[in-house]
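Below are some notes for a colleague who wants to go through this model by its sheets, helix contacts and enclosed spaces. Please read them alongside the structure.

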Amino acid sequence: MAKRKKNPAKENDAKGEVETLKDQIKNHIVSTLAKDPERSSKYDYYSAVAYATRDRLIERWIKTQNAYYQSKAKRVYYLSLEFLAGRTLGNSLINMGMMDDCHQALHELGYDLEEVREVEWDAGLGNGGLGRLAACFLDSLATLEIPSYGYGIHYEYGIFYQKITNGHQVEVPDNWLRYGNPWEFARTGHLFPVNFFGKVNQFTDANGALRNEWVDAEEVMAIAYDTPVPGYNNNHVINMRLWAARSSRDFDLNYFNQGDYIRALESKMMTETISKVLYPSDHVAEGKELRFKQQYFLVCATIQDIIRRHKKHHSNFDNFPDTVALQLNDTHPVLAIPELMRILLDKENYSWEAAWDITVRTFGYTNHTVMPEALEKWTVSLVGEILPRHLQIIYEINQRFLEQVARTFPGDVERIKRVSIIEEAKEKMVRMANLAIVGSHSVNGVSALHTELLKTGVFKDFDEIFPGRFNNKTNGITPRRWLKKCNPGLSRLITGNIGEGWVTDLDQLKKLKPLAKDKAFRAAWRQAKHANKERLAKYIMETNGIKVDPDSLFDVHVKRIHEYKRQLLNVLHVVTLYNRIKENPGGDHTPRTVIFGGKAAPSYWMAKLTIKLVNAVADIVNSDKKVSEKLKVVFLANYRVSLAEKIMPAADLSEQISTAGTEASGTGNMKFALNGALTIGTLDGANIEIMEEVGKENIFIFGLTADEVADLNKKGYNPKEFYDNIPELKKALDMIGSGYFSPFNPSLFAPVVDALVNKGDHFMLLADYASYIDCQERVSAAYRDKDRWDTMSILNTANMGKFSSDRTIKEYAREIWNVKPVHVK
């Protein structure tokens, strides 16, 4: 490449900006933090940089809001119970073009930007893919200049902080707000009442119409916390508004005056638990009630806020769907449908027909699961107790819907039972997914396979009732965070060869394809990957005390711990490799470092036992000198966004091995491939579309297809046949079950083996074992051929354009929301 000529004017501007930034950082140290710059900590400097960055965001933020009002633009409201934002500083600096200036400013002040960024606490307001997708979408909405808002809950404690003690997961509260949050603003002026319990009174109004009134309810207040989200290289800054619960009164003065101070504050404490913690345990009644309250708390405050904004310029709701698009991220916010109906019917006096038309045209619903057992349901008794008016509305929606079904499919009683919003079981349940489908004009899946399985499987009846309502919007990831930010070395290499247009047009990565044949470029690519692997190896040494070889194959399996994601299948491969190396120490074994990470739900016993098993296997493997030079196993604790940003650029192999037909999409698979990792996976979720983009020769596919899984289940799957007929599998399972990896508690892992061999192996690990092992042998052979591996790696990155969240959001905007960008000057 030709060297760029220096531009003195630009250099002077940059110097001036660096000096300005230094002054602002020092000013915030003194004026905002009340600290002496000479005696300030690294965290103080992080906070000061955050405030200085936020100052620049605010001006753009205000201009963006004004532009929305001036253009009378239709706005998108994205409702999600999770926003897994991770750290904010680095992403804001990149999107606002401040990274280099900030690096230089801090350097001149005696600090390193990377070290300062490390002290920021992850905003753990999500559990996995659902929340991370929502965060990626906000980045794309801002970058594409779509008039939009994200709405969620301001959890005081995020998803728990995971510690590993003696190999077991230990959950510790994630107090992410311990030191405050410099990015957010408390909006005390935006305070809305949210009601629970009470009763419904019916009365006849002056016009003789029957009306309903929800009375005698308990009141909680919702206060808004706003976080600005900048678009990349533009002036567009959107808002993520999170609601926190506050008591309508701080304490009961009567009890206080009687000296009963605890009881005086009891109401306040109970009220504010609503936004206290992400996902309270729902295996007890109190947890279920709290989680249900959280869902209504979110939608009630949000709908009031949207209506407040709408009424600034509109006297009625006739054109509400033309100015508002509400997207429900999974079923958690689906109570928004009966809530909007309640307001239109009870407050605005619309007829049922008019209110229902407005509601359906306003809502879109994104489904995230194909497994019937994972579809959310609430007992009728719980809904009726906490939200009595909403239960009435849900019953009315259901009655009218079932009457429509009966007219369309006369005599089809079984269909009516299947599609009913109310499940007539021993204990009646409200099926939230059914309510979402009936009450939305659009229902989308998140990968081509997922959407097809919805239409032909779990929601086949609905697809026939509402032809055209179901559509696909394959998930995507933001390339700003998941390549430019987390992998600066590789990003610089890419930009130096094809320009920086790929940051907002990921299809431009296809320009890398010819470079895969260039020996010098492959060497530079390999060097960038190796530097990332050295960085991760250093982190592993610091956190786990395990020395790993950066030249070994980094085989990575990081995601939520769940049986359908099949971490156990990976463990079986590790034990098989261990046995092969033990039996033939001098054999040609490809050195491999197997890296696990992920959290198990606190009440999910089998998932937590899986974590213990991984660590137990790691202890044996890593302490065996004959094996450890060829195989290492690591479990990285407290998997989170900032840790993912270290892992994904360093990965050679991405484990995406869920049972075919169980994963809706996945986005981790996209992040790994974008960073040049090769995928080993089943034909599940977005793996299929990744294969179509990168080519079958550049991905490692194994195992049963979704159709073959269904056929095997119909015929009668017997996992013991595989156990009895595959010697290496039997040996691995016997070692696990007999205490080889738990000598001080030999029966510890017997339930794992029992679940696989004797209790059905629900996710068919044993059926896929042989195919998986064969596929892993192909992986090892490919890795030994460095030129071939590097070529495959480059072609994976080059063909990931489809999986930008920018593409996904463009499809939502065009095909579901009918919104257009608003440019901010």
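Two strands count as paired if DSSP finds at least two bridges between them. The model discussed here is predicted.

1. The three-stranded sheet. With that criterion, three strands form an open sheet in the order β14-β16-β15, and the pairing is antiparallel. β14 (377-379) and β15 (422-423) are the edge strands with a single partner each, so one side of each has no neighbour in the sheet. Three bridges link β14 to β16 (residues 429-431) in the antiparallel sense. Within this sheet, Thr379 is found opposite Met429 in β16.

2. The six-stranded sheet. A further open sheet has six strands in the order β21-β20-β19-β22-β23-β24, with parallel pairing. Its edges are β21 (631-636) and β24 (700-701), each of which pairs on one side only. β20 (residues 592-597) and β21 run parallel and are joined by six bridges. Phe596 has Phe635 of β21 opposite.

3. Helices on the six-stranded sheet. Helix α23 (residues 605-623) packs on the sheet and touches β20 and β21, and its direction makes about 145° with that of β21. Helix α33 also packs on the sheet, where it touches β19 (553-558), β22 (653-656), β23 (678-681) and β24. The direction of α33 makes about 85° with that of β23.

4. α32 against α33. Two packed helices are described by the angle between their axes and the distance between the axes. For α32 (residues 765-784) and α33 (residues 786-798) the angle is about 105° and the axes are 5 Å apart. This makes α32 roughly perpendicular to α33. Val779, Ala782, Tyr783 and Arg784 of α32 meet Lys786, Arg788 and Trp789 of α33. The residues in this contact are four nonpolar and three charged, with no polar ones.

5. α21 against α33. How do the axes of α21 and α33 cross? They come within 10 Å and cross at roughly 80°, which makes α21 roughly perpendicular to α33. On the α21 side the contact is made by Phe521, Arg522, Trp525 and Arg526. On the α33 side it is made by Lys786, Asp787, Asp790, Thr791, Ser793, Ile794 and Thr797. The contact divides into three nonpolar, three polar and five charged residues. Lys786 is thus listed in the contact with α21 and also in the contact with α32.

6. The largest cavity. How many cavities of 30 Å³ or more does the structure hold? There are two, and the largest has a volume of about 410 Å³. Its lining comprises 31 residues, with Ala85, Gly86, Arg87, Thr88 and Thr227 nearest the centre. At least two lining residues come from each of α2 (42-71), β2 (83-86), α3 (89-95), β3 (123-125), α6 (129-143), β10 (218-230) and β11 (237-247). By class the lining has 17 nonpolar, eight polar and six charged residues.

7. The second largest cavity. This cavity encloses about 30 Å³ of space. It is lined by Leu568, Val571, Leu572, Leu613, Leu733, Ile736, Val752, Val753 and Leu756. Two or more of these residues come from each of α22 (567-583), α30 (727-738) and α31 (750-757). The lining has nine nonpolar residues, no polar residues and no charged residues.

8. The second largest pocket. About 1500 Å³ of space lies in this pocket. What lies nearest its centre? Of the 44 residues in the lining, these are Met99, Lys484, Lys485, Pro488 and Arg492. The elements that give two or more residues are α3, α4 (99-108), α5 (113-118), α19 (479-485), α20 (488-498), α21 (519-544) and α25 (641-647). Among these, α21 supplies the largest share, seven residues. The lining comprises 13 nonpolar, 13 polar and 18 charged residues.

9. Points to check on the display. Two helices appear under more than one heading. α21 contributes to the lining of the second largest pocket and packs against α33. α33 touches strands of the six-stranded sheet and meets α32.

How values were computed: Residues numbered from 1 in each chain as written. Predicted model: local features only at pLDDT ≥ 70, side-chain atom pairs only at ≥ 80, totals over all residues. Heavy atoms only, no water. Axes fitted to C-alpha atoms, helices over the stretch in contact; angles between N-to-C directions. Helix = DSSP H or I, 4+ residues; strand = E, 2+ residues; numbered from the N terminus. Parallel < 35°, antiparallel > 145°, perpendicular 65-115°, else oblique. Contact = heavy atoms within 4.5 Å. Nonpolar A, V, L, I, M, F, W, Y, C, P; charged D, E, K, R; others polar. 1 Å grid on protein atoms, 1.4 Å probe; cavity = no way out; pocket = protein on both sides within 12 Å on 5 of 7 lines; lining within 4 Å. Points joined across faces, edges and corners; volume = space filled by probe spheres on them.
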